[in-house]
Amino acid sequence: MGEGILELAQELAEVSRLVEDDDVPTTLGRFVHRVVLTVPDCEEAVITVLADDSAEIVARYHKTADPVAEPTRSTLAEQLTKGGGPLFDALTYGEPRRIGDLAADHRWPEFSAAAINAGYRSCLFLPLPASGDAAAAFSLFSAKPDAFGSTSYDIVLMFAMHAGVAFDNVQLFNDSRTLIEQLRTALGTRTVIGQAQGVLMHRYGVTASVAFDVLKRCSQDTNVKLRQLSLELVEAHNQGRLNEALRKYGLNSGE
């Protein structure tokens, strides 16, 4: 048993590892796939995110891909993300919800009917321990009543803990990459504006501040972004057609 838990922990660490171009659905998709293969009697696993009071399925995996079953699974997905059901309870209150026998549980009749029609008899809803603004949860389904006992629950809990960390990490990773791209863009903008200032300073013998004021005023008058204006002037200078670009923007005064 100890070796099995260690092997599972190592596998979870590998599943949690971020790779290039990972996004939330890709990362969490690895978890739902592994949950179905690992948790006894689990037929389907879903990860749902709640943001702005709206639930969205971001990862889903089931053992079979029978096209005949897809309509009932679609209906189940609609009920799963519908307000007032067991998933919303788990997401809203951050507490697990378990239905041992869907045929005997009458707390959420519409959801239970949809799950039974999809071939399920028991299910488990477990919040992911994520620290971000959006709440997320695992939903597990089984064709057997009372499928998710204490052992299965402990295994799912391990998955939930790792998935919660991965959920936070991938968001942080993507936010960091976005910030880096924004910084790169800003740096590139500052560089090209500085080059355009240099072109005007050399052409008209003005100071850097005067050249910048000229560029800014021209950008406002022509409704052209400062970066685009600067880039055009620099490219025109490099291609030997600076006079043409200066005339285009009315910057050839004195000639």
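Start by selecting F111: at 2% relative accessibility it counts as buried (buried means under 20% relative accessible area, exposed over 50%, partly exposed in between, with a 1.4 Å probe and protein chains only). A word on what's loaded: this is a predicted model, where local features need pLDDT of at least 70 and side-chain atom pairs count only at pLDDT 80 or more, while totals for chains, interfaces and linings use all residues. Residues are numbered from 1 along each chain as its sequence is written, and side-chain values use heavy atoms, leaving out hydrogens and water.

Now add F141, which is buried at 0% relative accessibility. Next, pick F125 too: F125 and F141 make an edge-to-face aromatic pair, 6.3 Å centre to centre with 90 degrees between the planes. (Rings of Phe, Tyr and Trp, its six-membered ring, pair if their centres lie within 6.5 Å; planes under 30 degrees apart count as stacked, over 60 as edge-to-face and the rest as tilted.) F125 is buried as well, at 0% relative accessibility. Add Y120 and you have one aromatic cluster of F111, Y120, F125 and F141.

Switch to cartoon and select 122-127 and 135-142: these are β4 and β5, antiparallel and joined by six bridges. (Strands, E, at least two residues, and helices, H or I, at least four, are DSSP runs numbered from the N terminus; two strands pair if DSSP finds at least two bridges between them.) Look across from F125 and you'll find S139 in β5.

Zoom out to the open sheet of five strands, ordered β2-β1-β5-β4-β3 with antiparallel pairing. Finish at β2 (54-62) and β3 (97-99): each has a single partner strand, so one side of each has no neighbour in the sheet.
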